[in-house]
Amino acid sequence: MITVTAMKWAPPFAAGQVRDHRVRWILNEVGWPYQVRLVDAPTMKSAAYSRGLQPFGQLPVLEEEGRPPVFESGAIVLDVAMRAGRCIAAEGTPERAAALQWVIAGLNSVEPMLFNVAEVEYFMDDEDARRARRPMVVGLAMLESARAGRDWFVGDGFTVADLMLASILKVADRLALLDELPALAAWQRTILARPAHVRAEQDQRADIARHTVEDMRYDALASEART
Ligand SMILES: N[C@@H](CCC(=O)N[C@@H](CS)C(=O)NCC(=O)O)C(=O)O
């Protein structure tokens, strides 16, 4: 049985966006059953967790009997898709290379910049810093032109490229950065309406809703830091 590590609780702005939703999503797409292991902060930050599961004390992690655990949401999505032979073209094809390219571009070039913008928007009052978000909006416009009006980023069907980019752009949507890019926003809505994603997000939200901030036991982390 596959086990996906997910957070017991997250603040409302993060519900539906915690990265385990990507793992739940690809598993739903390929139809592999899984169970979820909900963890709190002290568990995630424990030496046992970082030694055995995720060296940075984060999630998601995919555990499966008979295999070493896999961390990094992108690695897990790709590993599942390749092993299942679903949502990605065959090895050695140009479409496989293009899908890898878009997944890595999303994780390496788009997501970090979006998080920088989010930091500015949520935590900085400085007007100059806020204006610095402008190049990012242009970056997203390039993403839109790369899709060139097609339904999918790669080939003629849904792939991990669409999954990863639509997932990453959830932050852009939240920051209203897609308001000026209605075609990209409409594409994202279509991708996120896939039943496999809807179920993944609903399940994550339900797990979070069953818990409160107290369940994360951040206080235990704080007292450990003091000792
Ligand atoms: N690059 C990693 C990022 C993992 C990550 O930042 N996970 C967040 C949840 S979305 C986390 O574990 N945050 C808790 C923490 O850092 O303490 C991935 O894609 O899996």
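Biologist: Which residue just after α1 takes a positive phi?
Modeller: The model is predicted. Helix α1 spans residues 20-30. Just after α1, a phi of about 80° belongs to glycine 31.

Biologist: How many of the residues of α1 are buried?
Modeller: The buried residues of α1 include Asp20, Arg22, Trp25 and Glu29. Val23, Ile26, Leu27 and Val30 are among them too. The helix is mostly covered, and the count is eleven of eleven.

Biologist: Isoleucine 76 is found in which helix, and is it buried or exposed?
Modeller: Isoleucine 76 sits in helix α4. Its relative accessible area is 1%. The cut-off for buried is under 20%. Isoleucine 76 therefore counts as buried.

Biologist: Which residues does isoleucine 76 touch, not counting residues up to four places away in sequence?
Modeller: Val23 is one of the residues it touches, and Val23 is a buried residue of α1. Proline 60, another one, lies in the loop between α3 and β3. The full set touched by isoleucine 76 is Val23, Pro60, Val61, Leu62, Val70 and Phe71.

Biologist: How many Å apart in space are isoleucine 76 and isoleucine 26, C-alpha to C-alpha?
Modeller: Isoleucine 26 is in α1 and is buried. Isoleucine 76 is in α4. In sequence the two are 50 residues apart. In space, C-alpha to C-alpha, the value is 8.8 Å.

Biologist: Which residues does a cis peptide bond join?
Modeller: Most peptide bonds are trans. Here omega is about 15°. One partner lies in the loop between α3 (47-52) and β3. The cis bond joins leucine 59 and proline 60.

Biologist: Which residue in β3 stands opposite valine 4?
Modeller: Strand β1 covers residues 2-7 and β3 covers residues 61-64. The two run antiparallel, joined by three bridges. Opposite valine 4 stands leucine 62.

Biologist: What is the bridge partner of valine 61 in β4?
Modeller: Strand β4 spans residues 67-71. It pairs with β3 in the antiparallel sense over three bridges. The partner of valine 61 is phenylalanine 71.

Biologist: Which residue in the turn of the β3 and β4 hairpin has a positive phi?
Modeller: Two residues lie between the strands of this hairpin. The phi in question is about 85°. The residue is glycine 66.

Biologist: What is the phi of cysteine 87, and where is this residue found?
Modeller: Most residues other than glycine have a negative phi. Cysteine 87 is not a glycine, yet its phi is positive. It lies in the loop between α4 (73-84) and α5. The phi is about 65°.

Biologist: Is cysteine 87 buried or exposed?
Modeller: Its relative accessibility is 13%. The limit for buried is under 20%. Cysteine 87 is therefore buried.

Biologist: Where is arginine 217, and what is its phi?
Modeller: Arginine 217 is in the loop between α10 (195-209) and α11 (218-226). Its relative accessible area is 39%, so it counts as partly exposed. It is not a glycine, but its phi is positive, at about 55°.

Biologist: Which residues is tryptophan 102 in contact with, leaving aside its neighbours within four places in sequence?
Modeller: Tryptophan 102 is in helix α5, residues 94-123. At a relative accessible area of 15%, it is buried. Its contacts are Leu143, Ala146, Phe153, Val154, Ala161 and Leu165.

Biologist: How many Å apart in space are tryptophan 102 and arginine 133?
Modeller: The two are 31 residues apart in sequence. Their distance in space is taken C-alpha to C-alpha. The value is 22 Å.

Biologist: What is the radius of gyration of the protein?
Modeller: The protein has eleven helices and four strands. For 227 residues the globule rule gives 17 Å. The protein comes close to that, so it is as compact as a globular protein of that length. Its radius of gyration is 18 Å.

Biologist: What percentage of the contacts with a separation of 6 or more is accounted for by residues 24 or more positions apart?
Modeller: Of the 227 residues, 45% count as buried. For residues 24 or more positions apart, the share of those contacts is 69%.

Terms used:
Residues are numbered from 1 along each chain as its sequence is written. This is a predicted model: local features need pLDDT of at least 70, side-chain atom pairs count only at pLDDT 80 or more; totals for chains, interfaces and linings use all residues. Side-chain values use heavy atoms; hydrogens and water are left out. Buried means under 20% relative accessible area, exposed over 50%, partly exposed in between (1.4 Å probe, protein chains only). Contact means heavy atoms within 4.5 Å. Two strands pair if DSSP finds at least two bridges between them. The radius of gyration is taken over C-alpha atoms; the globule rule is 2.2 Å times the number of residues to the power 0.38.
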